[in-house]
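This report describes how the parts of one chain are arranged and how they meet. Please look over the sequence and the structure before reading on.

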Amino acid sequence: MKPLQNLVEKVKPHFEKGGRFEKFYRSFEAFETFLFVPGNVTTRGSHIRDAMDMKRTMVHVIIALVPVLLFGMWNVGYQHFKAIGVEAEFIDQFVYGLIKVLPIVIVSYAAGLAIEFIFASIRDHEVNEGFLVSGMLIPLIIPASTPLWMVAVATIFAVIIGKEVFGGTGMNILNPALLARAFLFFAYPSYLSGEVWIAGTAEQLDGVSGATPLAVLAIGEGDMPSAMEMFLGTIPGSIGETSTVAILLGAIVLVVTGVGSLRIMLSVVAGGLLMGGILNLVAVNEFMEIPPYYHLIMGGFAFGTVYMATDPVSASQTGVGKYIYGLLIGVLTVLIRVVNPAYPEGMMLAILFMNVFAPLIDHYVVQSHIKKRMQRMEKIPAKA
Amino acid sequence: MSENNSMPKESLLSPRNKKLLTDPLGKDNPINVQVLGICSVLAITVQLRTSLVMAISVVAVMGFANVIISLLRSTIPPRIRIIVQLTVIASLVILVDQILKAFVYDISRQLSVFVGLIITNCIIMGRLEAFALNNKPWPSFLDGIGNAAGYGWVLLAVGFFREVFGSGTLMGYAVIPQFLYDIGYEDNGLMILPPMALITVGIIIWVQRYKDRRLIDIS
């Protein structure tokens with residue numbers, strides 16, 4: 001660590017005011033604080049600086065994403081070899097997935113961070129760390145067969161329109177990663193729906209059906225995987241969303257470190273089960289007849305619950321608000337899935353929709369608190 | 001009215017009159033600054049051709065409506081002025097609609113109800129209320145043309161971007177070269193949907209305010 005620190009200290013004067021690379025100070029600062037805790041000291045008043053600053057928070061989320069990412073890489077290879085009917089070793093499957101997934105991750109980071117650095121330089125503020133997580137989430141929620149330039153365009157759109165126009169990290173009303181997916185979904189629908197979930201060229205996959213469980217239910221044909229397969233994640237789907245097991249591992253990390261809100265996760269699950277149960281009662285088509293818990297392990301429900309709905313910026317902030325917010329996400333997701341045949345996956349739309357409503361929910365929660373306390377005040381007899 | 005009559009006769013394109021024409025193009029733009037008439041921007045800017053026809057229609061309606069109301073301004077009883085304004089606008093819109101149907105039937109069909117909805121375009125009513133009711137015909141005419149042109153150029157800009165990126169064409173002719181499609185380029189389906197019109201307008205507003213900082217606090 002010492003030589004690295006010496007190097008940083010040595011080049012620092014070049015980037016500070018009057019130095020040769022003054023323009024790039026913000027870029028330099030980003031790397032410096034990425035490597036070492038900044039030596040800033042509070043000069044006025046006394047207060048405690050938590051070691052858990054935004055950068056560390058984001059790193060925790062990245063750690064929570066590792067199981068999902070690794071499983072996703074393996075699954076991409078597994079699905080590919082399964083589809084072309086070739087027996088392959090575990091390591092071959094993983095390496096194939098790595099070759100497919102890594103470029104998407106790199107493109108997502110490169111495009112997003114480029115925009116972040118440009119805006120930080122223009123506006124002269126620190127480079128925010130928010131994108132470290134968004135840049136990892138974006139590859140995980142798209143199919144491995146998405147063309148790289150689309151990933152770049154969607155990332156740039158999400159960072160500029162979803163975040164920078166509102167004032168950067170912490171100001172966004174929508175989850176940037178989900179916005180990138182929504183952009184891809186509406187802009188290039190043929191790449192995000194239908195049989196695109198298995199990586200490989202068209203000739204290789206000729207005649208192979210790559211439908212996800214949700215697509216199977218929406219179209220009404222194809223083989224439905226067993227609940228165990230869906231839970232383990234050995235099914236076609238977006239890179240990171242298939243395995244509920246890996247996502248649960250991430251959820252444990254998030255809850256233990258206090259980064260992700262357990263309230264939101266639980267209430268989303270409750271909402272999904274509730275709506276699934278209600279639809280079971282009417283059950284007029286095949287989609288409504290599936291057991292409610294299937295909704296939790298199919299498609300992006302688990303991933304969205306753990307990593308997307310709990311986004312501390314775009315979720316509700318108040319305690320009660322988090323329950324309402326989560327519950328409605330669960331309810332809406334299942335409702336969109338089952339009732340609207342055009343959108344077999346409802347998680348993305350449900351979370352984006354509730355992101356917009358989160359400030360409203362918070363407002364009314366706070367207002368009701370104020371009202372309650374005012375009433376309590378009135379009960380206390382005024383002292384003479 | 002009395003102070004208007006006592007003013008010295010000014011030339012047709014005096015600085016004051018020129019301002020009436022040019023302000024709405026930039027710092028007093030009905031869409032970018034006053035945020036009026038957004039609905040039609042979202043609805044009919046999928047193609048440049050429809051945007052162009054809509055822009056011309058609005059220029060015509062607004063120019064004439066402003067002049068007519070300005071001529072009638074001293075005879076309109078204040079209590080029924082809105083009805084009178086609506087009647088004038090509606091008559092002009094019917095004329096425009098008939099002309100479009102006669103000469104450019106295809107585009108008229110694409111614009112569908114939105115030609116009729118020019119009547120409800122807030123910019124037109126707004127200018128009649130705010131300007132034509134209190135001003136002479138010539139300045140009213142310039143004001144009407146200026147505001148409609150300010151509306152029109154935003155319409156054309158949005159239509160341009162949406163058609164190029166959404167359909168890969170411009171006025172119906174392919175502009176994205178075929179080799180780009182061959183190497184994997186795709187038209188952006190989101191550009192055809194209304195939200196992208198809103199976002200495009202937003203970006204135009206953003207660029208405009210970045211250049212002219214005084215606008216930031218106005219609205």
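## How the two domains meet

Between domain 1 of chain A and domain 2 of chain A, counting residues that are both at pLDDT 80 or more, there are zero residue pairs in polar contact. The model is a predicted one, and the count of salt bridges between domain 1 of chain A and domain 2 of chain A is likewise zero. On the side of domain 1 of chain A that touches domain 2 of chain A, the residues comprise three nonpolar, two polar and three charged.

The domains themselves span residues 2–35 for domain 1 and 55–365 for domain 2 of chain A, and their C-alpha centres are 36 Å apart. Together they bury about 760 Å², of which 53% lies on carbon and sulfur atoms. Within domain 1 of chain A, the residues that lose the most area to domain 2 of chain A are Arg26(A), Thr33(A) and Phe34(A), which together account for 61% of what that side buries.

The residues in contact are listed by domain below.

| Domain of chain A | Residues in contact with the other domain |
|---|---|
| Domain 1 | eight residues |
| Domain 2 | ten residues |

Turning to the chain as a whole, the secondary structure of chain A consists of 17 helices and zero strands. Of the 384 residues in chain A, 50% are buried, and among the contacts in this chain between residues at least 6 apart in sequence, 70% join residues at least 24 apart.

Terms used:
Residues numbered from 1 in each chain as written. Chains lettered and ligands numbered in written order. Predicted model: local features only at pLDDT ≥ 70, side-chain atom pairs only at ≥ 80, totals over all residues. Heavy atoms only, no water. Domains from an automatic or database assignment. Contact = heavy atoms within 4.5 Å. Buried area = accessible area lost by both parts, 1.4 Å probe. Salt bridge = Lys/Arg side-chain N within 4 Å of Asp/Glu carboxyl O. Polar contact = N/O pair within 3.5 Å; in protein donor to acceptor, adjacent residues only side chain to side chain. Nonpolar A, V, L, I, M, F, W, Y, C, P; charged D, E, K, R; others polar. Helix = DSSP H or I, 4+ residues; strand = E, 2+ residues; numbered from the N terminus. Buried < 20%, exposed > 50% of the residue type's maximum accessible area, 1.4 Å probe, protein only.
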